[in-house]
Amino acid sequence: MQLSVEELHEQIGKLEGWKLDQEALVRKYMFSEYMKGIAFVDEVATISEAFDHHPHITIDYKTVTLRLSAKEESGLAALDIRQANEFNEAFDKAR
């Protein structure tokens, strides 16, 4: 379900570290070691498969950037917010 602009801004305000960039939700996760970032990406892949919704992932040494968008729904949706929350939970466990 696509979110209204007001709902989207309200939900993003509750998401630690996530920002709206054009039509996508974006967060950079910083790790103390390269392999911790890689392990996090593996967990992101598992979560993404469960949601059947996959983010764009960029790995730059100890920084992992996730970009969520819902092109098929013509905008960000509640699914993106739920998934971003799960990514944050995975990050909290990975640190």
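Three helices and four strands make up this protein, and the model you're looking at is a predicted one. Walk along the sequence and the elements come in the order α-β-β-α-β-β-α. The largest nonpolar core holds 23 residues, and helix 3 gives the largest share of that core, with six residues.

**Overall shape**

- The radius of gyration is 13 Å, and a compact globule of 95 residues would come out near 12 Å, so the two agree.
- If you'd like rough dimensions, the C-alpha trace spans about 40 × 25 × 20 Å along its principal axes.
- Take the contacts with a separation of 6 or more: 64% of them join residues 24 or more positions apart in the sequence.

**Surface and charge**

- Some 41% of the 95 residues count as buried.
- The protein's accessible surface adds up to about 5,900 Å², and carbon and sulfur atoms own 49% of that.
- On the charge side, there are 18 negative side chains and 11 positive ones.
- The centres of those two charge sets sit 7 Å apart.

**The nonpolar core**

- Within the largest core, the residues that touch the most other members are W18, L25, Y29, F40, L66 and F87.
- Several elements chip in at least two core residues each: helix 1 (5-14), helix 2 (34-51) and helix 3 (78-94), along with strand 2 (24-30) and strand 4 (63-68).
- Helix 3 comes out on top here, with six residues in the core.

**A look at L25**

- L25 is one of the core residues with the most fellow members in touch.
- Setting aside neighbours within four places in sequence, L25 contacts I12, L15, W18 and K19 on one stretch of the list, then L66, R67 and L68, and finally L76, D80 and I81.
- Two of those partners, W18 and L66, are themselves among the residues touching the most other core members.

**A look at L79**

- L79 belongs to helix 3.
- Its relative accessibility is 19%, and the cut-off for buried is under 20%, so L79 counts as buried.
- Leaving out residues up to four places away in sequence, L79 touches F51 and H53.
- L68 lies eleven residues from L79 in sequence, and their C-alpha atoms are 9.9 Å apart in space.
- L68 also turns up among the contacts of L25.

Terms used: Residues numbered from 1 in each chain as written. Predicted model: local features only at pLDDT ≥ 70, side-chain atom pairs only at ≥ 80, totals over all residues. Heavy atoms only, no water. Rg over C-alpha atoms; globule rule 2.2 N^0.38 Å. Buried < 20%, exposed > 50% of the residue type's maximum accessible area, 1.4 Å probe, protein only. Contact = heavy atoms within 4.5 Å. Areas by Shrake-Rupley, 256 points an atom, 1.4 Å probe, with all protein chains shown as cover. Lys, Arg positive; Asp, Glu negative; His and termini not counted. Charge placed at Lys NZ, Arg CZ, Asp CG, Glu CD. Core = buried A, V, L, I, M, F, W, Y, C linked by side-chain atoms within 4.5 Å.
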